[in-house]
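Good morning, and thank you for joining. I would like to take a few minutes on one structure, beginning with the nucleic acid and then turning to the helices.

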Protein chains: 2
Amino acid sequence: MDKSNAIEALHALAQDTRLDVFRLLVKQGAEGMAAGDIAEALGVRQNTMSANLSVLAKAGMVRSEREGRVIRYFANFDGMRSLLAFLMEDCCGGNPELCKPVLDEIVCAC
Amino acid sequence: MDKSNAIEALHALAQDTRLDVFRLLVKQGAEGMAAGDIAEALGVRQNTMSANLSVLAKAGMVRSEREGRVIRYFANFDGMRSLLAFLMEDCCGGNPELCKPVLDEIVCAC
DNA sequence: CCAATATATCAATATTTCTTGAAATATGGA
DNA sequence: TCCATATTTCAAGAAATATTGATATATTGG
């Protein structure tokens with residue numbers, strides 16, 4: 001991940017509808033969700049949603065698979081991982097206590 | 001952290017200069033850096049940098065402390081932690097394997 | 001092949017955002 | 001108090017972005 005990738009990813013997430021989409025797809029996990037269902041679930045018009053999904057996909061935060069007429073979208077956990085790694089790069093310059101808690105918070109109760 | 005906080009934080013980071021600032025301050029750690037030094041280090045005019053620092057601070061991604069005439073800025077690791085927690089909320093809906101690797105990548109070699 | 005369904009693309013408008021020059025505020029020292 | 005330094009605030013112009021109606025593309029079933 002380089003800087004322009006990171007900006008693209010952050011920008012993709014920094015918008016109301018797209019943030020909703022990403023978090024919805026995070027919750028959906030491996031099941032993902034069809035484009036049309038996402039639009040309906042979030043009360044957004046179909047072409048607006050398509051444009052937003054395209055921004056998220058180009059930024060690497062979601063990915064898609066065609067299933068016949070339906071295109072199913074998934075959160076891209078690899079993309080999120082790369083983004084976080086980039087943001088926290090060199091965070092340990094002599095003081096691990098600062099960055100460690102950033103990660104602890106996210107350890108989900110799986 | 002609620003949705004509008006998250007959008008504000010993501011938006012703050014999704015810009016060239018501000019992303020540079022945040023990563024610079026992550027590297028600086030507890031030492032932080034004076035506003036003027038940040039501007040000089042990144043080759044940005046002083047009032048432009050001030051505006052950008054203000055965006056980052058309002059979004060909770062950096063914090064500042066006055067030291068006489070100088071205002072010293074620091075990455076706000078708590079803010080980053082809250083943001084990540086919000087983004088990955090409910091990520092474990094039945095499939096921990098998906099979200100676990102997101103965190104592993106970031107475990108820094110402290 | 002044709003019609004229906006699902007999704008994407010295009011062009012235009014309204015909104016938001018970034019940068020900058022100028023001016024203001026705050027602090028410390030003479 | 002007065003000046004120099006460090007930083008912030010303000011207003012305006014230029015650039016980027018989101019949404020929308022209309023249209024195009026892709027896939028399936030009859």
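On the surface near DNA strand C, α3 (35–42), α4 and β3 (70–75) of chain A, together with α4 of chain B, each supply at least two residues. Please bear in mind throughout that this is a predicted model.

Let me stay with DNA strand C. It is surrounded by 20 residues, and those that come nearest are A:Gly36, A:Tyr73, B:Arg18, B:Arg45 and B:Asn47. Sorted by class, the surface near this strand comprises five nonpolar, 10 polar and five charged residues. Which parts of the strand face the protein? Of the atoms of DNA strand C within 4 Å of the protein, 62% are from sugar or phosphate, and the rest are from bases.

Several polar contacts to phosphate can be given for DNA strand C. In A:Gly36, a backbone N or O atom is 2.8 Å from a phosphate oxygen of the strand. In A:Ser50, an N or O atom of the side chain is 2.9 Å from a phosphate oxygen. From chain B, a polar side-chain atom of B:Arg18 lies 2.7 Å from a phosphate oxygen of DNA strand C.

I turn now to DNA strand D. Here α4 of chain A, and α3 (35–42), α4 (46–58) and β3 (70–75) of chain B, each supply at least two residues of the nearby surface. There are 20 residues around DNA strand D, the closest being A:Arg18, A:Arg45, A:Asn47, B:Gln46 and B:Tyr73. By class, this surface holds five nonpolar, 10 polar and five charged residues. Among the atoms of DNA strand D within 4 Å of the protein, sugar or phosphate accounts for 64% and bases for the rest.

The phosphate contacts of DNA strand D draw on both chains. The side chain of A:Arg45 places an N or O atom 2.6 Å from a phosphate oxygen, and a polar side-chain atom of A:Thr48 lies 3.0 Å from a phosphate oxygen. In chain B, a backbone N or O atom of B:Ala35 is 3.3 Å from a phosphate oxygen of DNA strand D.

Let us move to helix packing. Two packed helices are described by the angle between their axes and the distance between those axes. In chain A, the axes of helix α2 (residues 16–28) and helix α4 (residues 46–58) come within 10 Å and cross at roughly 70°. That angle makes α2(A) roughly perpendicular to α4(A), and their crossing is right-handed. On the α2(A) side, A:Thr17, A:Arg18 and A:Val21 meet A:Met49, A:Asn52, A:Leu53, A:Val55 and A:Leu56 of α4(A). This contact is made up of five nonpolar, two polar and one charged residues.

What of the corresponding pair in chain B? The axes of α2(B) and α4(B) come within 10 Å and cross at roughly 70°, and the crossing is right-handed.

Finally, consider a contact between the chains. Helix α1 (residues 3–13) of chain A and helix α2 (residues 16–28) of chain B pack at an angle of about 105°, with axes 10 Å apart. The two helices are therefore roughly perpendicular to each other. From α1(A), A:Lys3, A:Ala6, A:Ile7 and A:Leu10 meet B:Asp16, B:Leu19 and B:Asp20 of α2(B). The residues of this contact are four nonpolar, no polar and three charged.

Thank you for your attention.

Key
Residues numbered from 1 in each chain as written. Chains lettered and ligands numbered in written order. Predicted model: local features only at pLDDT ≥ 70, side-chain atom pairs only at ≥ 80, totals over all residues. Heavy atoms only, no water. Axes fitted to C-alpha atoms, helices over the stretch in contact; angles between N-to-C directions. Helix = DSSP H or I, 4+ residues; strand = E, 2+ residues; numbered from the N terminus. Parallel < 35°, antiparallel > 145°, perpendicular 65-115°, else oblique. Left-handed = near helix turned anticlockwise from the far one by under 90°. Contact = heavy atoms within 4.5 Å. Nonpolar A, V, L, I, M, F, W, Y, C, P; charged D, E, K, R; others polar. Near = heavy atom within 4 Å. Polar contact = N/O pair within 3.5 Å; in protein donor to acceptor, adjacent residues only side chain to side chain.
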